[in-house]
Amino acid sequence: MTAALLEIDHLSKRFPLRRSTLDALRGRPRPMLQAVHDVSLSIARGEAVGIVGESGCGKSTLARCLVRLHEPDSGRIAYNGADVLALAGDQRRAFNRSVQMVFQDPYGSLHPRQTVDRILAEPLAIHGVPDAETRIERALDEVGLGTGFRFRYPHQLSGGQRQRIAIARALILEPQILLLDEPTSALDASVQAEVLNLLDALRCRRGLTFVMVSHDLAVVTHLCERLMVMQRGQTVEFLSAPDLAAHRVTNAYTLSLMHASSGFKRAAEPGHLEPLS
Amino acid sequence: MMPLLAVRDLTVTFAAAAAAAAGPVRVVDGISLDVMPGEVVGLVGESGSGKSVTLRALLRLLHAAHIGGRVLWKGRDVLAMPDHELREMRGKGMAAVFQEPTAALNPVLPIGLQIEESLSAHTTLNAAARRRRAIELLGEVGITDASRRLGAYPHELSGGQRQRAMIAIALAAGPEILLADEPTTALDVTIQDQILALLLRLVADRGMGLLLVTHDLGVVAETCDRMVVLYAGRVAEAGSVADVFHQPRHAYTDALLRSMPGEGTARTRLAPIPGQPPSLGRPPDACAFVPRCGYTNPLCTEHRPPLIEVEPGRASACTAWNRLPARVPS
């Protein structure tokens with residue numbers, strides 16, 4: 001693939017674990033947790049890619065590395081051919097603007113003491129974007145809320161409305177890539193449907209590229225054409241959504257993940273939900 | 001077999017706030033349900049459907065509200081109990097795990113002490129035995145290195161560990177029924193499965209009944225035997241989880257299941273339920289779902305459809321119960 005918008009190449013990230021003072025004095029090395037291990041992924045412009053996996057498989061760490069909320073230990077990330085990890089100053093700012101993130105919990109990701117107006121104005125101020133007034137109104141319209149919501153506080157909004165504000169905040173800078181970290185898992189089923197419809201409509205209208213992290217295979221395959229399955233920090237399998245729908249899955253881990261999220265039947269044995277690894 | 005917990009026509013009414021001129025607000029309006037030993041019952045509904053209030057009413061934890069109906073724990077009416085019996089019942093009969101472990105735990109006491117507090121209230125164990133029991137309980141809920149963790153403060157634990165500690169506290173007096181109010185909602189989705197697996201294991205090991213309040217249909221599908229669907233403070237329908245998922249008997253459940261993404265819905269528009277949930281201020285004498293419903297007929301607005309047994313083990317309060325399409329199993 002030549003026209004990759006975002007190219008992740010052999011990315012690794014480790015976190016130091018705690019060591020006892022005694023071990024530190026003895027000069028023993030810090031134990032490390034390998035959160036992401038040698039992951040490569042190429043994302044084309046306009047594509048929607050899902051990253052799935054269970055507890056602690058490193059999918060959120062990978063997403064955070066992409067926006068440099070974590071600095072990876074090794075590997076390379078290229079955006080439009082440019083090395084993201086080497087960007088500095090204005091170039092880094094431009095990159096930050098073109099890759100925006102929506103987090104899982106809209107209760108935690110919005111400042112409780114700021115109005116919607118101020119929440120949406122902040123990214124514009126940081127990036128020195130003019131016409132804040134019209135952009136804020138347009139962003140609110142675009143996520144289906146309207147300007148009546150502009151001077152409300154997050155506590156005056158429902159969960160679905162808050163997540164719409166979080167999406168508006170991410171879109172107001174007109175990014176190329178939207179990084180979605182479990183965007184609907186905190187929402188009621190019907191509200192989840194509204195937000196997924198909104199995301200899909202926005203993607204079509206703006207030609208956005210999505211990278212979506214989720215544990216919910218149904219949500220991921222609804223929104224994404226392709227998915228990457230991760231386990232213990234490593235890539236296990238790449239799949240297309242039709243492959244998954246037709247159960248054309250080769251990897252045993254992906255299979256167990258598929259069964260775990262197929263719902264409907266209660267597990268015969270209560271131990272079924274025990275972590276898969 | 002007698003149910004461990006039988007709820008009959010439970011109502012919860014709050015006196016309206018002084019500012020609003022409206023009358024009293026009935027948040028729970030005639031809920032009935034049973035929990036058998038070893039059974040996992042899901043109480044499902046969207047935000048504001050009255051599910052958490054129901055759970056608190058069962059333990060009489062609501063002080064500002066008027067609670068009507070009957071709550072029978074092994075045949076004894078919890079709502080009519082004198083205080084000393086109530087104290088005995090809470091903990092030994094029913095114990096609760098709440099949504100937000102950070103808010104439910106005391107931040108300035110080590111978790112060991114918080115477990116022992118429950119033990120000293122409900123058992124005759126001496127201090128050394130309480131400590132041993134607290135270590136056992138922490139082990140049982142899957143906290144490793146339990147004897148060292150006794151002295152840990154809530155802020156030193158991760159979210160999942162805090163919820164495990166909460167469960168240990170709830171288990172301390174050996175309850176027969178565990179009430180869990182969105183026990184996994186405040187947690188990272190990836191920790192959810194571990195906590196649910198733990199709850200199911202405890203139910204199986206101890207033969208407890210579990211009443212699980214949740215908004216998450218996926219959680220219900222994975223963990224519950226039976227489910228009770230609430231809408232606007234009333235039971236919309238009840239039945240075994242497999243039956244309800246395969247053949248909904250209430251238009252609300254039907255619409256709710258349709259709004260879920262599933263196989264074959266890739267890149268198609270999902271169908272969210274139109275409109276907003278009703279405000280609970282003044283329930284009309286009609287089905288509360290009418291403004292959002294696709295199966296309305298004149299009967300629905302004439303009077304409120306009662307909850308009737310439509311087939312063995314299935315109850316529905318919908319006039320369209322026999323017109324809803326079956327869902328194709330995945």
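How many cavities of 30 Å³ or more does a search of the whole structure find? The search finds 4. This tour goes through the largest of them, then chain B, then one helix of chain A.

Before selecting anything, note that this is a predicted model: local features need pLDDT of at least 70, side-chain atom pairs count only at pLDDT 80 or more, and totals for chains, interfaces and linings use all residues. Residues are numbered from 1 along each chain as its sequence is written, chains are lettered from A and ligands numbered from 1 in written order, and side-chain values use heavy atoms, without hydrogens or water.

**Stop 1: the largest cavity**

Select A:Asp188, A:Ala189 and A:Ser190, then add B:Val44, B:Gly45, B:Glu46, B:His215, B:Leu217, B:Tyr252 and B:Leu256. These residues line the largest cavity. Two elements give two or more residues to this lining: helix H8 (189–206) of chain A and helix H11 (251–258) of chain B. The space inside is about 60 Å³. By class, the lining has 5 nonpolar, 3 polar and 2 charged residues. Here Ala, Val, Leu, Ile, Met, Phe, Trp, Tyr, Cys and Pro are nonpolar, Asp, Glu, Lys and Arg charged, and the others, Gly among them, polar.

A cavity is a set of points, on a 1 Å grid over the protein atoms alone, where a 1.4 Å probe fits but cannot get out; lining residues have an atom within 4 Å of a point. Points join across faces, edges and corners, and the volume is the space filled by probe spheres set on them.

**Stop 2: chain B as a whole**

Colour chain B by secondary structure. There are 12 helices and 12 strands (DSSP runs numbered from the N terminus; helices are H or I with at least four residues, strands E with at least two). Chain B has a radius of gyration of 21 Å, close to the 20 Å of the globule rule for 330 residues, so it is as compact as a globular protein of that length. That radius is taken over C-alpha atoms, and the rule is 2.2 Å times the number of residues to the power 0.38. Along the principal axes, the C-alpha atoms fill a box of roughly 65 × 50 × 45 Å. Of the 330 residues, 51% are buried (under 20% relative accessible area, 1.4 Å probe, protein chains only).

**Stop 3: two strand residues**

Go to B:Thr11 in strand E1 (residues 5–14). B:Thr11 is buried, at 12% relative accessibility. Show its contacts (heavy atoms within 4.5 Å). Leaving out residues up to four places away in sequence, they include B:Arg26, B:Asp29, B:His66 and B:Gly69.

Now pick B:Arg314, in strand E12 (residues 314–316). Is B:Arg314 buried or exposed? B:Arg314 is buried, at 2% relative accessibility. Among the residues it touches are B:Glu237, B:Asp243, B:Arg249 and B:Glu309.

**Stop 4: a cysteine pair**

Select B:Cys293 and B:Cys318. Why is there no bond here? The sulfur of B:Cys293 is 5.9 Å from its closest cysteine sulfur, in B:Cys318, too far for a bond. A disulfide needs two cysteine sulfur atoms within 2.5 Å. The structure holds 0 disulfides over all chains. B:Cys318 is buried, with a relative accessible area of 10%.

**Stop 5: helix H2 of chain A**

Finish at residues 59–66 of chain A. In this helix 6 of the 8 residues are buried, so H2 is largely enclosed by the rest of the structure. The buried ones are A:Lys59, A:Thr61, A:Leu62, A:Ala63, A:Cys65 and A:Leu66. Just after H2(A), look at A:Arg68, which takes a positive phi of about 60 degrees.

Note on methods: On a 1 Å grid over the protein atoms alone, a cavity is a set of points where a 1.4 Å probe fits but cannot get out, and a pocket is an open set with protein on both sides within 12 Å along at least five of seven lines; lining residues have an atom within 4 Å of a point. Buried means under 20% relative accessible area, exposed over 50%, partly exposed in between (1.4 Å probe, protein chains only).
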